Structure formats: C-alpha cells, structure tokens
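Me: I have a new model open and would like to learn to read it. Where do I start?

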Amino acid sequence: MTEEHQNTNDQSQSGQTAPTPDAPLKDRIWDGLKECYDPEIPVNIVDLGLVYEVSIDDSITGEANVFIKMTLTAPGCGMGPVIAGDVKRRVQMLSDVANVKVDLVFEPTWNPGMMTEAAKLQLNML
C-alpha cells in the first residue's frame, strides 16, 4: 500500500471533512475518488483499498496529467470498465486537470485486509 493510500485511509477513518475547492489538487483527487463505488459493494473504492497510487504531473500550470493505478476486488469483475470510467470522469471534472489515465492492475492482488476499518465496519466484517 502506498504512503498516499495509507494517508487517505487514515483520513477516511478519522472522519475529516472533504477538501475545499482551493485545496491542493492531490487532496481534491482523493476526495473525488471517494465518490466512486463498485456497483456491487456499498463502499467507496478508496475505503475498499482499490486505489494503489495517484501520480500527478503538474509541470504545466492548470493542465495536470493524473495517473491512477487501481485494482478490482476480483480480476474477472465485469464492472472494471465501468468503475475505471467513473474514476476517469470524476477526476477529469476537477479544475486544473487536463488528462486522466487509469491503469487497472492486479499486482498486488486485492484482499479484504486492504480495506479501511470504516469499510470493514460498514460491511459488518469486524
């Protein structure tokens, strides 16, 4: 799990409020990702532990290129393209974002231990 992902998990568990529109782009991206859900699971993809990495190339002011590495709960999940499309659409809507590339990866393999405590509680797994 990347440091960014762990920090996001900590924020989700602590109940911090969402970043404001003038928050750093990285915070706004993570906030947008928390609005994306696997249609089969009522928990956002960040709390599920599906987002492995967010990289930002903001060398051109106001035209950031965002690269997201994420996975699915199962490699054969038919909802993968739908979830990836939702991720791309939500991040693309943010001001200062020019392009978004979403890579679906399956290493490391997702497991329930990657979920935040809040997600486990929501799914009655504690």
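Reply: Start with the secondary structure. This is a predicted model. The chain has five helices and three strands.

Me: In what pattern do they follow along the sequence?
Reply: Read from the start, the pattern is α-α-α-β-β-α-β-α.

Me: What share of the residues is buried?
Reply: Of the 126 residues in the chain, 38% are buried. As for the surface, the chain exposes about 6900 Å². Carbon and sulfur atoms supply 52% of that area.

Me: How do I read the nonpolar core?
Reply: General idea first. In soluble globular proteins, nonpolar side chains tend to be buried together. Here the largest nonpolar core has 30 residues. L33, I45, I68 and V91 have the most contacts inside it. Helices α2 (25–33), α3 (45–48) and α4 (80–92) each supply at least two residues of this core, as do strands β1 (51–57), β2 (64–70) and β3 (97–104).

Me: Which residues does L33 contact, leaving aside neighbours within four places in sequence?
Reply: They are I45, V46, V51, V54, I68, V87 and V91.

Me: How do I read contacts by sequence separation?
Reply: Take the contacts between residues at least 6 apart in sequence, then ask what share joins residues at least 24 apart. In this chain it is 59%. I83 and I45 make a good example: they are 38 residues apart in sequence, with C-alpha atoms 8.8 Å apart. D47 and M115 are 68 residues apart along the chain, and their C-alpha atoms are separated by 5.6 Å.

Me: Is I83 buried or exposed?
Reply: I83, in helix α4, has a relative accessible area of 1%, so it is buried. Not counting residues up to four places away, I83 touches Y37, D38, P39, I45, M70 and L72.

Me: D38 is a charged residue on that list. How do I read it?
Reply: Check three things: place, burial and partners. D38 sits in the loop between α2 and α3. It is buried, yet has no salt bridge. The nearest side chain of opposite charge is R90, 13 Å away. The D38 side chain does reach the backbone nitrogen of E40, at 2.8 Å. Beyond four places in sequence, D38 contacts V43, I45, L48, T73 and I83.

Me: Which residue forms a salt bridge with R90?
Reply: D86 does, with the closest N and O atoms 3.1 Å apart. Both residues lie in helix α4, four residues apart, about one turn of the helix. Now compare their cover. R90 is at 25% relative accessibility, so it counts as partly exposed. D86 is at 18%, under the 20% cut-off, so it counts as buried.

Me: How many salt bridges does the whole structure hold?
Reply: A search finds six. Among them is D103 with K101, the closest N and O atoms being 2.6 Å apart. D103 is partly exposed, with a relative accessible area of 32%. K101 is partly exposed too, at 42%.

Me: Where does the E117 and K120 pair lie?
Reply: In helix α5 (residues 117–122), three residues apart, about one turn of the helix. The closest N and O atoms of this salt bridge are 3.9 Å apart. E117 is partly exposed, at 38% relative accessibility. K120 is buried, at 16%.

Me: Which residues do shared salt-bridge partners join into one network?
Reply: D86, R89 and R90.

Technical notes
Residues are numbered from 1 along each chain as its sequence is written. This is a predicted model: local features need pLDDT of at least 70, side-chain atom pairs count only at pLDDT 80 or more; totals for chains, interfaces and linings use all residues. Side-chain values use heavy atoms; hydrogens and water are left out. A nonpolar core is a set of buried Ala, Val, Leu, Ile, Met, Phe, Trp, Tyr and Cys residues joined through side-chain atoms within 4.5 Å. Buried means under 20% relative accessible area, exposed over 50%, partly exposed in between (1.4 Å probe, protein chains only). Contact means heavy atoms within 4.5 Å. Accessible areas come from the Shrake-Rupley method with a 1.4 Å probe; for residues, only the protein chains shown count as cover. Lys and Arg count as positive and Asp and Glu as negative; His and the chain ends are not counted. A salt bridge is a side-chain nitrogen of Lys or Arg within 4 Å of a carboxyl oxygen of Asp or Glu. A polar contact is a pair of N or O atoms within 3.5 Å; within protein, one must be able to donate a hydrogen and the other to accept it, and residues adjacent in sequence count only if both atoms are side-chain atoms.
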